[in-house]
Amino acid sequence: MVPIVIIENLVNYMLIVRTNLPKEGHCGLCILSNFLQAYLIAGFFEESVKYLAVRRIIYKSYVVDPRALVVYSCCAGSAFGTVEDIMYNLSYGLGTAIVRAFTSVPLHCATGLIIGTSLAERKFFEQDTERWYKTLILPIFIHGTLVMCVRASSLHCSSWSWSSLPPSLLSPS
């Protein structure tokens, strides 16, 4: 968990802070900044760590059937979500703990289940999911979408609205 926090903070600094991308406002750069943080920093890096954790045990002797691999991946997801939840709670307090207990931890369990199911299909049913990106694309999309929804509804992005989009995107053609 500690290495992913270091990597996320480093990439956040390189992409968002150093390039002076705004995090709030009525501009396209604000949306780009939130998109990068949601899908690249949160989605890609966190789901990749879960994938690598489960992928590491796929051929161990205690993974005897597909259900075992799915359970291990759910455990990896819940552990990741719990540690992340504790880190957020130390920074933001009890209110955050309650909300994240019902959103973040189940999200990480669900994406862990998707990863585990894909890896179980590969190992036990010899499905064509050999490429890592086929396993990760849906969890990254789900994770990033939840983060984007939270960011769009949170106070620091409350100034964003549909009016910040170019009129050509809103008008039917």
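**View A. Leu138 and its nonpolar neighbours in the predicted model.** Let's start with Leu138, a residue of helix 5, which covers residues 132–153. This is a predicted model, so please read each close-up with that in mind. Leu138 counts as partly exposed because its relative accessibility is 43%. Together with Ile137, Phe141 and Ile142, Leu138 forms a nonpolar patch on the surface, and the four share about 390 Å² of accessible area.

**View B. A salt bridge within helix 2.** Here Lys50 pairs with Glu47, and their closest N and O atoms are 3.1 Å apart. Both residues sit in helix 2 (residues 28–56), three residues apart, which is about one turn of the helix. Are these two partners buried or exposed? Lys50 and Glu47 are both buried.

**View C. Asp65 meets Arg67.** The side chains of these two residues form a salt bridge, with 2.9 Å from N to O. Asp65 counts as buried because its relative accessibility is 19%, under the 20% cut-off. Arg67, in contrast, is exposed, with a relative accessible area of 64%.

**View D. A link between helix 3 and helix 4.** Arg100 and Glu84 form a salt bridge in which the closest N and O atoms are 2.9 Å apart. Arg100 belongs to helix 4 (residues 94–124) and Glu84 to helix 3 (residues 66–92), so this pair ties together parts that are 16 residues apart in sequence. Glu84, Asp85 and Arg100 are joined into one network by salt bridges that share partners. Arg100 counts as buried at 15% relative accessibility, and Glu84 counts as buried at 7%. For the wider picture, a search of the whole structure finds four salt bridges.

Technical notes: Residues numbered from 1 in each chain as written. Predicted model: local features only at pLDDT ≥ 70, side-chain atom pairs only at ≥ 80, totals over all residues. Heavy atoms only, no water. Patch = residues over 30% accessible without salt bridge, like charges linked within 9 Å, V, L, I, M, F, W, Y side chains within 5 Å. Areas by Shrake-Rupley, 256 points an atom, 1.4 Å probe, with all protein chains shown as cover. Helix = DSSP H or I, 4+ residues; strand = E, 2+ residues; numbered from the N terminus. Buried < 20%, exposed > 50% of the residue type's maximum accessible area, 1.4 Å probe, protein only.
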